[in-house]
Every structure is written in C-alpha cells, then in structure tokens.
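Please look through the sequence and the model shown here before reading on. The report that follows takes up the ligand, the nonpolar cores and one loop residue in turn.

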Amino acid sequence: MKVGEVLISEEQIQSALAEMGAAISRDYEGKDLLLVGVLKGAFMVMADLARNITVPVEFDFMAVSSYGAATQTSGVVRILKDLDTEIEGRHVLIIEDIIDSGLTLSYLLKSLKVRKPASLEVAALLRKVDIQRVPIDVSYTGFEIGSEFVVGYGLDYAGLYRNLPHVALMEEE
Ligand code: PRP
C-alpha cells in the first residue's frame, strides 16, 4: 500500500475546524468544558480545533485500542489510558479524528455516561457514512466520507503518516 491522492486538503480541514470551533464556542458559552481526546489519532484535531475554541477549556485524554487487523475495526475496545479527571457534573466533549464502525465511540460513550457528566457530546473530523454499524449522535462533524481507507492528519497506516497536514487515500502499489 502507498499514500495516494489528497482527499481533504489542509485548507479544507482548517476551515472546517474553524467552523466547528465557532459552533462549540457558542454552544458552551458560560459552561465549564472538558475536551477529551481519544489517542492516538485525535491529537492533531484536538490541537487545531482547540485553537478555534474561545471559551475556557480543559484537556484530558484517553487511549483506547481495538484488537484486530490494521485497516479493520474488530469491535473489541481496550482502555489503555483512562481519564485523569473526574467528570461528574462536567460538560464533556469527546474529540475523535474518525468514526468508522462507531464501535469505539459507542463503548466510550457507555463507559463515560455512568460517571454522570452534565453533558456528553462528540466532535469528529471525519465520519464514514456507509459502514457505521452503531448509530452515534455526533454534534460536530467536519466531513462525511465513504468507505475508503484514509491516512494523515492523525490517521495512520501501520503507525505511519499521522503527520500529514491533509487526509489522503491509501492505494495499492
Ligand atoms: C481509530 C480512530 C477511532 C476509531 C474509529 O483509532 O481514532 O478511535 O479507530 O473506529 P470505529 O468507529 O470503527 O470504532 P485506532 O483504533 O486506529 O487507534 P489510533 O487512533 O491509535 O490509530
């Protein structure tokens, strides 16, 4: 496999994040907001989205891992790193780079809901529309894409290409 054509450019990503940040800033005005990034993929979205949020915000991270092959989600989720922060009574916004099958988020939402946050919403840069197995209510979405395998802007193939400033397609050699 190799990196193919650009699917979403750096400019498109940055302008989507500016819009998402403005919407989040409006919606959380006067509220105590905690951003929860899902590692590793979300680090890039988290950094750039946060720079477009104008209300006071705190950061925390979770690391999860799905068992299984490189380009397929198995549906079994392991929490590798839990939140440092208690979230009871807090407004929590989960930040994801991509929602694929939806299984990771559905598991995360379930395990965070029992901790009684004041609110629990999701922001995702990318959302694969064709193959979502679990319906997830996403409050802020950057782009809807098809089932193609994409890399860049936090997304990897075998650990590589997360540093690309755009989202690109992977293609056969
Ligand atoms: C990716 C992505 C989401 C998840 C989405 O993470 O960051 O967390 O897959 O897939 P799903 O909707 O089918 O559950 P991945 O497991 O590849 O880990 P990484 O972020 O460390 O690369």
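## Terms and basis

Helices (H or I, at least four residues) and strands (E, at least two) are DSSP runs, numbered from the N terminus. This is a predicted model, in which local features need pLDDT of at least 70 and side-chain atom pairs count only at pLDDT 80 or more, while totals for chains, interfaces and linings use all residues. Residues are numbered from 1 along each chain as its sequence is written, and side-chain values use heavy atoms, with hydrogens and water left out.

## Around the ligand

The ligand is surrounded by 16 residues, a residue being counted if one of its heavy atoms lies within 4 Å of the ligand; the closest are Glu96, Asp97, Ser101, Gly102 and Thr104. Strand S5 provides the largest share of this shell, four residues, and both S5 and helix H3 (103–113) supply at least two residues of the shell. By type, the shell divides into four nonpolar, six polar and six charged residues, where Ala, Val, Leu, Ile, Met, Phe, Trp, Tyr, Cys and Pro count as nonpolar, Asp, Glu, Lys and Arg as charged, and the others, Gly among them, as polar.

Polar contacts are pairs of N or O atoms within 3.5 Å; within protein, one must be able to donate a hydrogen and the other to accept it, and residues adjacent in sequence count only if both atoms are side-chain atoms. An oxygen atom of the ligand lies 2.6 Å from an N or O atom in the side chain of glutamate 96, and polar backbone atoms are found 2.9 Å from a ligand oxygen at lysine 40 and 2.8 Å from a ligand oxygen at glycine 41. Of the 500 Å² of accessible area that the ligand has on its own, the protein covers 85%, by the Shrake-Rupley method with a 1.4 Å probe; for residues, only the protein chains shown count as cover.

## Nonpolar cores

A nonpolar core is a set of buried Ala, Val, Leu, Ile, Met, Phe, Trp, Tyr and Cys residues joined through side-chain atoms within 4.5 Å, and buried means under 20% relative accessible area (1.4 Å probe, protein chains only). The largest such core has 31 residues, and Leu49, Leu93 and Leu126 have the most contacts inside it. Helix H1 (10–27) gives the most to this core, with six residues.

## A loop residue

Arginine 162 lies in the loop between strand S8 (150–151) and S9, and is buried, with a relative accessible area of 17%.

How values were computed:
Buried means under 20% relative accessible area, exposed over 50%, partly exposed in between (1.4 Å probe, protein chains only).
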